[in-house]
Amino acid sequence: MGNTCMKETSPLSSDNDDFRKEKIFRIFQIKDFDGDGKVSPEDFVTWGRLASKNMSIEFTDEKKKAWLAAHEAYFGNGGSESPEKYYESILEFIKLENHVELATQVNVTLFDCLDADGDGTVSIDEYRAFIQPLGITNEEDIRFGFDCIDENKDGVLSKEEISKACCHYYFDTEATPYMNFYGKYDKKEATH
């Protein structure tokens, strides 16, 4: 099966922000593992534990610290309180002149969580382990998301590919291949 990701690009900001808001609300809700309307550090620890279990690896204190660092990087500015506050925090972040550069640094924390074996790349198995706890369990949807991120088609995801895709997921206001960062985006809400 070939990669059928869309090839067009879109600006990082525009007057049409409904799609970005929809994506941000979607991912906030599926990261809220305990269903309390917030994305807490404990939600990220739960996500990390489930991802480690999916990879059949131990969830060590080091891995827990990596997942907590990722939570802090993404939600440390108070955006974890509600999807509305998270969305507002992203809009404020985008106003920063160097927001893409800053986001690239933030995304390294997420890459460290995905790269379970520490080899500097993310395999399809590592990506699957990362995505499945979010409720994305259909293998075709997982493969589609992976293929959209794997720009050079070498079968693994680099830190740069992950970072670029993640930036576009949060910043793009129109449909691009990067909307599939968390598995194939079909506008349905995933459940755990």
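Ile90 is located in helix H4, and in this predicted model the residue is buried, with a relative accessible area of 8%, which lies under the 20% that serves as the limit for burial. Apart from residues up to four places away in sequence, Ile90 touches Ile24 and Tyr170. The first of these partners is 66 residues away along the chain, and the C-alpha atoms of Ile90 and Ile24 are separated by 8.8 Å.

The helix that carries Ile90 can be described in the same terms. For the 12 residues of H4, a rise of 1.5 Å a residue leads to an expected span of 16 Å, and the end C-alpha atoms are 16 Å apart, in agreement with that value. The buried residues of H4 are Pro83, Tyr86, Tyr87, Ser89, Ile90 and Ile94; because they fall within an arc of 160° when seen down the helix axis, they line one face of H4. The cover over these buried residues includes H1, H3, H5 and H8.

Helix H3, which comprises residues 61-75, was examined likewise: its 15 residues should span 21 Å at 1.5 Å a residue, and the distance of 21 Å between its end C-alpha atoms agrees with this. Trp67, Ala70, His71, Tyr74 and Phe75 are buried in H3, and they fall within an arc of 100° about the axis, so that they line one face of the helix. Asp61, Glu62, Lys65 and Glu72, by contrast, are exposed on the other side of H3. Among the elements that cover the buried residues of H3 are helix H1 (18-31), helix H2 (41-55), helix H4 (83-94), H5, H6 and helix H8 (159-171).

At the level of the whole chain, the protein has 8 helices and 0 strands, and the order of elements from the N terminus is accordingly α-α-α-α-α-α-α-α. Of its 192 residues, 48% count as buried, while the accessible surface comes to about 9,400 Å², with 49% of it belonging to carbon and sulfur atoms. Among contacts between residues at least 6 apart in sequence, 67% join residues that are at least 24 apart.

In soluble globular proteins, nonpolar side chains tend to be buried together. The largest nonpolar core of the present model contains 49 residues, of which Tyr127, Phe130, Tyr170, Phe181 and Tyr182 touch the most other members. At least two residues of this core are supplied by each of H1, H2, H3, H4, H5, H6, helix H7 (139-149) and H8, and H8 gives the most, with 7 residues. For Phe130, the residues touched, not counting those up to four places away in sequence, are Trp47, Ala51, Trp67, Leu110, Leu114, Phe181 and Tyr182; of these, Trp67 is also one of the buried residues of H3. Tyr170, in turn, is one of the residues that Ile90 touches.

Confidence in the prediction was considered alongside these features. The protein averages a pLDDT of 87, and 88% of the residues score at least 70. Over residues 1-14, however, the pLDDT is below 50, although this stretch has 35 contacts in the model beyond near neighbours in sequence. Among the elements, the lowest mean pLDDT, 90, is that of helix H5 (residues 99-114), and the highest, 97, is that of helix H6 (residues 124-131).

Conventions: Residues are numbered from 1 along each chain as its sequence is written. This is a predicted model: local features need pLDDT of at least 70, side-chain atom pairs count only at pLDDT 80 or more; totals for chains, interfaces and linings use all residues. Side-chain values use heavy atoms; hydrogens and water are left out. pLDDT is the predictor's confidence in each residue, from 0 to 100. Helices (H or I, at least four residues) and strands (E, at least two) are DSSP runs, numbered from the N terminus. Contact means heavy atoms within 4.5 Å. The expected span of a helix is 1.5 Å times one less than its number of residues. Buried means under 20% relative accessible area, exposed over 50%, partly exposed in between (1.4 Å probe, protein chains only). The arc is that of the directions from the helix axis to the C-beta atoms. Accessible areas come from the Shrake-Rupley method with a 1.4 Å probe; for residues, only the protein chains shown count as cover. A nonpolar core is a set of buried Ala, Val, Leu, Ile, Met, Phe, Trp, Tyr and Cys residues joined through side-chain atoms within 4.5 Å.
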